[in-house]
Each structure stands twice: as C-alpha cells, then as structure tokens.
Amino acid sequence: MISVNIDRSDSVLLHDQVAAEIRRAIAEGEAGPGDRLPLAKDIAAVLNVNKNTVLRAMHILRDEGLVEFGRGSGITVTGTAQKGLVLRQVRDLMEFARRQGYRRADVIAMIEGLP
C-alpha cells in the first residue's frame with residue numbers, strides 16, 4: 001500500500017490532503033502507470049476518514065488524468081505527475097477563457113495558431 005498521511009490540524013481540506021499524498025506517491029514512484037490503488041474503503045480505514053473523503057480525492061486525481069476508475073477493476077494509475085500538472089494548467093486556462101467569453105474551439109484555434 002502506498003503511504004498516505006494526513007494532518008487533521010492542517011487547514012487544508014482532508015480530501016485535498018489525500019489527493020496531494022497520492023499525487024506525491026505517484027511522483028516519487030510508489031505507484032506508477034498500470035498500478036492498481038487500494039480500495040477507497042481500505043484507504044479510508046487506514047486514515048480513519050470517511051470513504052467519501054477518499055473518493056472525492058480520487059475524483060480530483062481522475063480529473064487531473066492521474067487515475068481512472070474501472071468497473072470491477074478498481075482505481076488504476078494512468079498518468080504521471082507531470083501530465084497531471086499540465087492538465088491542471090489546461091483546465092485553469094479553459095476556466096479563465098470561459099470567464100473572458102471564449103469557447104473551447106476559440107482556445108484550441110489560438111493554441112493551434114501558436115508558432
């Protein structure tokens with residue numbers, strides 16, 4: 001099992017701490033692409049947190065492209081820390097562009113037009 005530690009006295013939300021710890025484990029090679037992560041209920045039991053806290057963290061990591069959920073096969077690491085960082089920046093860019101009135105197609109056209 002990957003090592004995950006949380007600090008209940010920290011102001012960072014528990015699900016964000018869990019996501020950060022799993023992100024760190026992936027970055028440090030404790031878990032790599034193709035590896036299955038322990039069940040959310042098992043991680044929750046070890047950390048003494050609600051299973052939904054762990055699932056919320058896993059959804060964050062899925063949105064970053066680091067893990068994927070497989071029906072009946074659990075949660076698998078699919079990406080690297082670097083890919084997760086790039087995806088986070090792309091999501092931030094898309095959110096910023098939407099606030100400025102640009103659509104996805106507009107942003108893609110801008111990117112494709114870059115030298």
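Which backbone nitrogen does the side chain of Gln-17 reach at 2.7 Å? In this predicted model, the partner is the backbone nitrogen of Asp-7. Before following that contact further, it helps to look at the chain as a whole.

The chain has five helices and two strands. Read from the N terminus, the elements follow the order α-α-α-β-β-α-α. A box of roughly 50 × 30 × 25 Å, taken along the principal axes, holds the C-alpha atoms. Of the 115 residues, 33% are buried. Among contacts with a separation of 6 or more, 49% are between residues 24 or more positions apart. The accessible surface is about 7500 Å², and carbon and sulfur atoms account for 52% of that surface. The chain carries 16 positive and 15 negative charges, and the mean positions of the two sets are 7 Å apart.

Gln-17 belongs to helix H1, which covers residues 14-27. Gln-17 counts as buried because its relative accessibility is 8%, under the 20% limit. Besides the nitrogen of Asp-7, a second backbone atom comes into play: the backbone oxygen of Val-12 is 2.9 Å from a polar atom of the Gln-17 side chain. Apart from neighbours within four places in sequence, the residues in contact with Gln-17 are Ile-6, Asp-7, Asp-10 and Val-12.

Helix H1 also takes part in salt bridges, of which the whole structure has seven. One of them joins the side chains of Glu-21 and Arg-24, at 3.4 Å from N to O. Both residues are in helix H1, three residues apart, which is about one turn of the helix. Glu-21 has a relative accessible area of 18% and so is buried, whereas Arg-24, at 22%, is partly exposed.

Another salt bridge connects the side chains of Glu-64 and Arg-23, with an N to O distance of 2.9 Å. This pair links distant parts of the chain, 41 residues apart: Arg-23 is in helix H1, and Glu-64 is in the loop between helix H3 (51-63) and strand S1 (67-70). Glu-64 is buried, since its relative accessible area is 8%.

A further salt bridge is formed by the side chains of Arg-62 and Asp-63, at 3.4 Å from N to O. Arg-62 is partly exposed, with a relative accessible area of 36%, and Asp-63 is partly exposed at 35%. Elsewhere, salt bridges with shared partners join Glu-21, Arg-24, Glu-28 and Glu-30 into one network.

Notes
Residues are numbered from 1 along each chain as its sequence is written. This is a predicted model: local features need pLDDT of at least 70, side-chain atom pairs count only at pLDDT 80 or more; totals for chains, interfaces and linings use all residues. Side-chain values use heavy atoms; hydrogens and water are left out. Helices (H or I, at least four residues) and strands (E, at least two) are DSSP runs, numbered from the N terminus. Buried means under 20% relative accessible area, exposed over 50%, partly exposed in between (1.4 Å probe, protein chains only). Contact means heavy atoms within 4.5 Å. Accessible areas come from the Shrake-Rupley method with a 1.4 Å probe; for residues, only the protein chains shown count as cover. Lys and Arg count as positive and Asp and Glu as negative; His and the chain ends are not counted. The place of a charge is taken as NZ of Lys, CZ of Arg, CG of Asp or CD of Glu. A polar contact is a pair of N or O atoms within 3.5 Å; within protein, one must be able to donate a hydrogen and the other to accept it, and residues adjacent in sequence count only if both atoms are side-chain atoms. A salt bridge is a side-chain nitrogen of Lys or Arg within 4 Å of a carboxyl oxygen of Asp or Glu.
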